[in-house]
Each structure stands twice: as structure tokens, then as C-alpha cells.
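Dear colleague,

Please find the structure below, followed by my notes on a helix pair, a surface patch and the salt bridges.

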Amino acid sequence: MPGLHWLAVVLVGCDQSADPPALACMRWWTSRGARASFKRDEQAKLLLQGVLLWGREVMHVFDQGFASSFWLGLLVAFSLRFVLRWKKDYQLVDEQGQRRAAWKIARGKRGWQQRLVWDCRRHQWVMASILALPVTHPDHREQPLWLVVARRKGGLPWYLLTAEPIANADDAWRIMFAYARRWQIELTWKENKSELAFQSPRVWEWEPREKLLLLAALAYAFLLTLLAPFYTLLRRWLLRRYCHRTGRHCRQAHAPFARMRMALSRLWQSVPPHWESLSGRGQPTVSVTML
């Protein structure tokens, strides 16, 4: 809705099949009215919350929208582990002390190693190569950085900036695969908009709107927990019984979020949960159905 924005922090593991995403935090803010705020302020609040919760126990992964001297300075000031996708035209300082664009620093340099990598977005194997170069930022020369360049056949290269020490090709691949897990946040926006209608709450007052979105975020976090391996048998039964599909895409989906939501909706519509009154005063039974 006009003036309504939201941010989320999603916690993911290294293994896509064994570590489903978990919703760590989600908050909304507006750029209009008495509660108006600014994008960088809200992002900094979430970053500070992550620092207090995890410190250096996790690796923070950011897309190109965060590629800036300001954001890099925050990450360096908090001594965080991070992977930041750098824009190819943004400048860095190479080993010779020359200030050049990222793509020019990596131009003409062959990759350290090649291997087949599974592209989960396009569902195919692609040949990729990896390269890492020591660099610094013009505004933060005291912090040594590494520019990891991931190239693949038929696609644009990734320029990843990190402060993690890189001694060999395995360390560089680890940075690349960490950034590849960022695709889960893209799926978060897709599922929130298409399945849970986050982008179109039909209430106008700020407090009722925020409460409604918080309830939707709670439902989203609950659905993500059902994607864990512990619930594999329950998930198979639920999908088979209440949302059966025979298409190849549905059968091969590792995280059938849309079908899970639909299956739970049909389950609770056919068999609504009931909670008997515990007060003993004869209040009627409450029936709740989640749509």
C-alpha cells in the first residue's frame, strides 16, 4: 500500500534440504504521516538487533541494495561477518593501491577453480568458476577485504565483498554458496505477497494494520516450521490428503509452501479445531478456522 514498507530477517542454514528458512524478525514502517520514518534508520535498527542477538555467530548476507560506503562502514564498525554483493561499477582499491571499478580489478584474471554448481532458480547444473582478490574500500582503507568473483556460463558474474579470510578456493566457494542462500529472502517476499497478501491489507489505521500483519507474520513463521525434516511424514500426509498434485514441478519442490498453506486451510475448514472452556461457567465452545 502507498507509504507502507516492511523489512525482514530470515535465518537460513548451509544445507537447503536439511535447514529450512526461519523467520527471525519482521517489522513494518511508513514514510508518511505522524509515524513517518526513514529506510536507513529502520535497516540500522534491524542490524543492531541482529548484533545483540547473534554477534559473530552468523554471517550477514546483503544484496546490491546495501552496496554503499555507509552500510559497509556499519558492518566494519560492529566487526560482523558479512557477504555483500558489490556493484560492478563501484570502485575499490586493488593490491597496487589503484582505485578502480570492481569489474576492472577482476578483468583478465582467470578463476582459481571450476566446478558444476546447481542453479536452484533455473533448476539446472551450470559450470562456474571462482576467484578472490584482496582489496580495500576507499573510505575504509584500514579494513582488509576480499572481492570474490563468481562466474558462470550464460550469466553475469557476482562480485561479492567480504571481510572473511580467504586462503584457497574452498574458502571462496564458501562465500559464494553463502550468498546463493540469499535466494530464500526473495522467496519470502514472493510467498508473503502471493500467499499471505502482505501487500494489500484492507485496513487504514496504523495500529489495526500492524496487528493484522503481525498475525500474518506469525502464520508465516508457523508454516516455515512445518518444512523441517522432523515433519516430513506429517507434511507428506497433509499434502497427499488435502492438496494432492500430480505435476512434476509440485512433486520436485523441496519446500512446497503454497501447497502447505492450502492444505492446512482445507484441513481446518473441514475439521475446525475446538477448545473447551476451562472456566467451568458454561461458556460456549470456541471454534477457530484459519483461512
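Helix α6 (residues 206–225) packs with helix α9 (residues 257–270) at an angle of about 105 degrees, their axes being 10 Å apart (axes are lines fitted to C-alpha atoms over the stretch in contact, and angles run from 0 to 180 degrees between N-to-C directions). Because 65 to 115 degrees counts as roughly perpendicular, α6 and α9 are described in that way. From α6, Y220, F222, L223 and L224 meet F257, M260, R261, L264 and W268 of α9, where contact means heavy atoms within 4.5 Å. The residues of this contact divide into 8 nonpolar, no polar and 1 charged.

This is a predicted model, in which local features need pLDDT of at least 70 and side-chain atom pairs count only at pLDDT 80 or more, while totals for chains, interfaces and linings use all residues. Residues are numbered from 1 along each chain as its sequence is written, and side-chain values use heavy atoms, with hydrogens and water left out.

On the surface, L116, W118, W125 and M127 make a nonpolar patch of about 460 Å² (residues with over 30% relative accessible area and no salt bridge, nonpolar side chains being joined within 5 Å; areas by the Shrake-Rupley method with a 1.4 Å probe). Strands β7 (113–119) and β8 (124–137) each supply at least two of the patch residues, and W118 lies in β7.

The whole structure holds 9 salt bridges (a side-chain nitrogen of Lys or Arg within 4 Å of a carboxyl oxygen of Asp or Glu). One salt bridge joins E207 to R35, with the closest N and O atoms 3.4 Å apart; this pair links distant parts of the chain, with E207 in helix α6 and R35 in the loop between β2 (22–30) and α1 (39–54), 172 residues apart.

Best regards

Definitions and conventions
Helix = DSSP H or I, 4+ residues; strand = E, 2+ residues; numbered from the N terminus. Parallel < 35°, antiparallel > 145°, perpendicular 65-115°, else oblique. Nonpolar A, V, L, I, M, F, W, Y, C, P; charged D, E, K, R; others polar. Patch = residues over 30% accessible without salt bridge, like charges linked within 9 Å, V, L, I, M, F, W, Y side chains within 5 Å.
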